[in-house]
Amino acid sequence: MRTRSIVMVLLAGSVACGRSPAPATNAAEEGSAPAVTQAQLSMFAPLPARMVAGEAPAEPMVALGRALYYENILSENHDVSCNSCHPLNAYGADGRALSVGDRGQLGGRNAPTVYNAAGHIAQFWDGRAKDVEAQAKGPILNPAEMAMSDSAEVLAHLRASPAYRAAFREAFPGASQPVTYDNVGRAIGAFERGLVTPSRWDRYLTGDSTALDARERRGLATFVAAGCVGCHNGAYVGGQSYQKLGLRTAWSPTADSGRFAVTKSPADVRVFKVAALRNVEKTGPYFHDGSVASLRTAVQLMAKHQLGRDLGDRDVDEILAWLGALTGELPTAYIAYPQKPAQPAPARPAAAN
């Protein structure tokens with residue numbers, strides 16, 4: 001599911017969201033860590049156990065969503081699944097600048113991680129899907145991604161499988177026709193809402209002062225003092241706002257108009273969703289176009305273009321150390337490859353001569 005866009009640009013450094021950045025702290029000795037106040041820490045939050053606003057979905061819906069996430073018959077040539085571009089055993093990112101879809105086509109934007117994404121303000125780099133349930137339906141019909149011709153073709157494949165028909169009935173009890181395209185999105189979304197990766201950072205936020213070492217705490221202090229926290233905050237360390245790429249210093253020219261394609265507002269040209277930094281050291285390359293392979297370079301570029309700052313090597317080293325503490329634990333049992341209720345897909349019409 002090539003969410004070719006889960007939209008977040010400001011990958012590693014951050015944006016000051018229009019505020020003037022405070023000076024970074026460099027006064028600490030090598031063996032000590034400058035203090036971060038409780039008020040500053042309150043700008044962050046631990047991850048939730050599951051990213052749901054209301055009642056958690058029932059297990060049959062989650063199980064169906066897990067099967068659909070790994071299901072190749074949702075692609076035209078039966079060789080691509082959501083997991084192809086968002087591999088769950090690799091922090092939900094395939095390591096490519098642009099992912100490869102149907103017939104070897106490249107997508108238009110970098111495929112961001114699906115881990116912790118259900119808690120973001122919106123989905124895709126331009127925010128065009130309000131939630132993961134809406135997002136899940138997009139790549140299946142995208143001609144450069146999974147390339148199904150329309151939702152009717154998707155449903156024909158699923159309804160041809162007695163096992164999938166039974167799984168949908170169990171997931172959506174009482175529905176006169178449970179196998180619908182909206183329910184495909186609902187099931188995949190229910191599964192994705194459990195893709196949470198708690199880390200040492202969460203232990204630190206909940207009172208374990210030993211969870212971060214002195215260097216990581218210095219990195220946190222530098223991150224806060226430099227102004228990165230202006231947009232990279234909250235439980236996901238970002239993902240909750242939009243920002244213009246090149247806020248302080250002009251970014252290199254790019255044909256990607258960002259959120260403008262959604263809103264048609266001139267103010268949204270080159271505006272993207274702010275990147276969430278959970279697992280950021282594992283999810284490169286960076287930015288909407290995957291143009292930067294190095295997290296160090298991404299931090300430096302963000303400091304320069306979003307904050308108008310040139311960070312010293314030590315500042316960058318310490319920020320990188322703290323970002324490493326945001327790498328979480330993969331939910332191995334939850335993402336285990338399922339016993340999919342798959343059946344042979346219906347025969348395709350013979351090609352015209």
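**Entry 1: charged pairs.** I began with Asp 208 and Arg 203, whose side chains meet in a salt bridge at 3.9 Å, N to O. The model I am reading is a predicted one. I looked up the cover on both partners: Asp 208 is partly exposed at 28% relative accessibility, and Arg 203 is partly exposed at 39%. I also noted a network in which salt bridges with shared partners join Arg 109, Asp 126, Arg 128 and Asp 256.

Next I checked Glu 59 and Arg 66, which form a salt bridge at 4.0 Å, N to O. Here I found Glu 59 partly exposed, with a relative accessible area of 48%, whereas Arg 66 is buried at 12%.

The third pair I looked up was Arg 193 with Glu 133, a salt bridge at 2.8 Å, N to O. The two residues lie 60 apart and link distant parts of the chain, Arg 193 in the loop between H8 and H9 and Glu 133 in helix H4. Arg 193 has a relative accessible area of 16% and Glu 133 one of 18%. I count both as buried because the cut-off is under 20%. The count of salt bridges comes to 13.

**Entry 2: a charge without a partner.** Which side chain of opposite charge is nearest to Arg 270? I found Asp 256, 8.5 Å away; Arg 270 is buried and has no salt bridge. I placed Arg 270 in the loop between helix H11 (260–263) and strand E2 (271–273). Beyond its neighbours within four places in sequence, Arg 270 is in contact with residues including Gln 243, Lys 244, Trp 251, Pro 253 and Asp 256.

**Entry 3: helix H8.** I turned to helix H8, residues 181–192. From first C-alpha to last, its twelve residues reach 17 Å, close to the expected 16 Å. How many residues of H8 are buried? I noted ten of the twelve, among them Tyr 181, Val 184, Ile 188 and Phe 191. The buried residues of H8 pack against six helices that I listed as H2 (59–69), H3 (82–85), H4 (132–135), H5 (138–141), H6 (151–159) and H7 (162–171).

**Entry 4: nonpolar cores.** The largest nonpolar core has 38 residues, and I noted Phe 44, Trp 201, Leu 220, Phe 223, Trp 322 and Leu 323 as those touching the most other members. Helices H9 (200–205), H10 (214–226), H12 (295–307) and H13 each give two or more residues to this core. H12 supplies the largest share, six residues. I followed Leu 220 and, leaving aside neighbours within four places, found contacts with Val 36, Leu 41, Phe 44, Trp 201, Tyr 204 and Trp 322. A second, separate core holds 36 residues, including Tyr 69, Phe 168, Ala 171 and Ala 187. Ala 187 is also one of the buried residues of H8.

**Entry 5: Pro 331.** I found Pro 331 in the segment after helix H13 (313–324). Pro 331 is buried, with a relative accessible area of 16%. Its C-alpha is 7.2 Å from that of Leu 195, although the two are 136 residues apart along the chain. Outside its neighbours within four places, Pro 331 is in contact with Tyr 115, Val 196 and Thr 197.

**Entry 6: the whole protein.** I closed with the totals. The protein has 13 helices and two strands. Of its 353 residues, 56% count as buried. Among contacts with a separation of 6 or more, 77% join residues 24 or more positions apart. The exposed area is about 14,300 Å², with 52% of it from carbon and sulfur atoms.

Methods
Residues are numbered from 1 along each chain as its sequence is written. This is a predicted model: local features need pLDDT of at least 70, side-chain atom pairs count only at pLDDT 80 or more; totals for chains, interfaces and linings use all residues. Side-chain values use heavy atoms; hydrogens and water are left out. Helices (H or I, at least four residues) and strands (E, at least two) are DSSP runs, numbered from the N terminus. Buried means under 20% relative accessible area, exposed over 50%, partly exposed in between (1.4 Å probe, protein chains only). Contact means heavy atoms within 4.5 Å. Accessible areas come from the Shrake-Rupley method with a 1.4 Å probe; for residues, only the protein chains shown count as cover. The expected span of a helix is 1.5 Å times one less than its number of residues. Lys and Arg count as positive and Asp and Glu as negative; His and the chain ends are not counted. A nonpolar core is a set of buried Ala, Val, Leu, Ile, Met, Phe, Trp, Tyr and Cys residues joined through side-chain atoms within 4.5 Å.
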